[in-house]
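Student: I should like to learn how the features of a protein model are read. Could we begin with how the terms are defined?

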Amino acid sequence: MSVLRNLESKLAGLVEGTFSRAFKSEVRPVEIARKLTKEMDEHKVQSLSRVYAPNEYAVWLSKQDRQQFEGYEEELASELAGYLLEHARSERIALMTSPQITFRTDERLRLGEFGIQARLVKPPAREQDAPSQGDEGHTQVYSASARLSEPLREPHPQRGEARLHVEHGGSVTVSARGAVLGRSRDCDVVLDDANVSRRHAEVRPSGGSWIVNDLGSTNGIKVNGRRVDGPQSIRHGDVIELGTSRVTFELE
């Protein structure tokens with residue numbers, strides 16, 4: 001799997017560089033990554049229209065191995081969580097929240113041994129909608145300030161219409177007034193994806209071009225496979241990724 005190979009290369013670089021003095025035990029990050037994806041695949045749950053998988057993982061290590069990772073757990077957990085999210089997207093698996101990785105110690109384990117406990121945990125619901133990622137306070141606070149500073153619905157007379165083509169779905173025409181993409185039924189482009197926030201992103205004209213802008217979602221957005229922060233210029237044929245959904249931008 002290409003994603004795993006990329007993770008192996010990235011973590012190998014960490015081992016040879018910053019982590020060269022830390023990872024001296026038999027337990028290696030890539031071994032943990034492989035077992036995490038195995039646990040995700042083996043504990044999938046089929047609903048009427050989606051496949052769900054665990055979103056919380058506890059990695060149990062021996063006392064000696066845990067000591068070797070001391071001071072590096074947070075960054076390693078972040079790398080592993082990102083890898084699991086990519087795996088879920090590629091396998092079209094829905095997650096209740098972003099993957100959470102925690103490290104714990106079990107003194108019954110010997111050096112080089114580790115265990116993984118997987119749990120599917122539903123986030124506390126603040127609304128009566130379907131479960132989602134990114135509906136907690138972070139999304140609401142960020143989108144409020146962003147939309148006050150630059151309103152979405154201001155028309156731009158210099159641009160014509162565009163279309164957003166949803167993979168495995170339909171197409172939506174976007175005028176010069178722009179469009180909001182998200183899971184909420186109030187959005188212009190509704191994405192039936194548990195990994196997409198209620199108001200995830202917007203596409204609109206800006207200056208002489210079109211841009212896509214994250215509205216404070218938990219999982220962020222990618223353009224042509226690259227994660228972007230802040231407004232990103234887009235062109236005809238660019239692919240926008242939100243959660244496990246892909247949307248192609250097309251100019252009329």
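Tutor: A residue is called buried under 20% relative accessible area, exposed over 50%, and partly exposed in between, with a 1.4 Å probe and protein chains only. This is a predicted model, in which local features need pLDDT of at least 70, side-chain atom pairs count only at pLDDT 80 or more, and totals for chains, interfaces and linings use all residues. Residues are numbered from 1 along each chain as its sequence is written, and side-chain values use heavy atoms, with hydrogens and water left out.

Student: How does R92 count by accessibility?

Tutor: R92 has 47% relative accessibility and therefore counts as partly exposed. The backbone of R92 deserves attention as well: its phi is positive, about 55 degrees, although R92 is not a glycine. To place R92, we need the element names: helices (H or I, at least four residues) and strands (E, at least two) are DSSP runs, numbered from the N terminus. R92 is found in the loop between α4 and β4.

Student: In which sheet order does β4 appear?

Tutor: The general idea comes before the case. Strands of a sheet pair through backbone hydrogen bonds, either parallel or antiparallel. Two strands count as paired if DSSP finds at least two bridges between them. Here, three strands make an open sheet in the order β4-β3-β5, and the pairing is mixed. β4 (100-105) and β5 (114-119) stand at the edges with a single partner strand each, so one side of each has no neighbour in the sheet. From one strand to the next, the twist averages 20 degrees; such angles run from 0 to 180 degrees between N-to-C directions, and axes are lines fitted to C-alpha atoms, for helices over the stretch in contact. β3 (residues 56-61) runs antiparallel to β5, joined by six bridges, and W60 has G115 of β5 as its bridge partner.

Student: Which helices pack on this sheet?

Tutor: Contact means heavy atoms within 4.5 Å. Helix α2 (residues 29-42) packs on the sheet and touches β3, β4 and β5, its direction making about 35 degrees with that of β5. Helix α4 (residues 73-90) also packs there, touching β3 and β4, at about 135 degrees to the direction of β4.

Student: What is the order of the open sheet formed by six strands?

Tutor: The order is β7-β6-β16-β15-β12-β13, with antiparallel pairing. At the edges stand β7 (171-174) and β13 (226-228); each has a single partner strand, so one side of each is left without a neighbour in the sheet. Neighbouring strands are turned by 30 degrees against each other on average, direction ignored.

Student: Where do the side chains of β6 point?

Tutor: In a regular strand the side chains alternate between the two faces of the sheet. In β6 (residues 162-166), A162, L164 and V166 point to one face and are buried, while R163 and H165 point to the other and are not buried. The partners of β6 can be read in turn. Four bridges pair β6 with β7 in the antiparallel sense, and R163 has T173 of β7 as its bridge partner. Five bridges pair β6 with β16 (residues 245-251), again antiparallel, and L164 stands opposite F249.

Student: What lies between β12 and β13?

Tutor: The loop there contains N224. This residue is not a glycine, yet N224 has a positive phi of about 55 degrees. N224 has 45% relative accessibility and so counts as partly exposed. Three bridges join β12 (residues 221-223) to β13 in an antiparallel arrangement, where V223 stands opposite R226.
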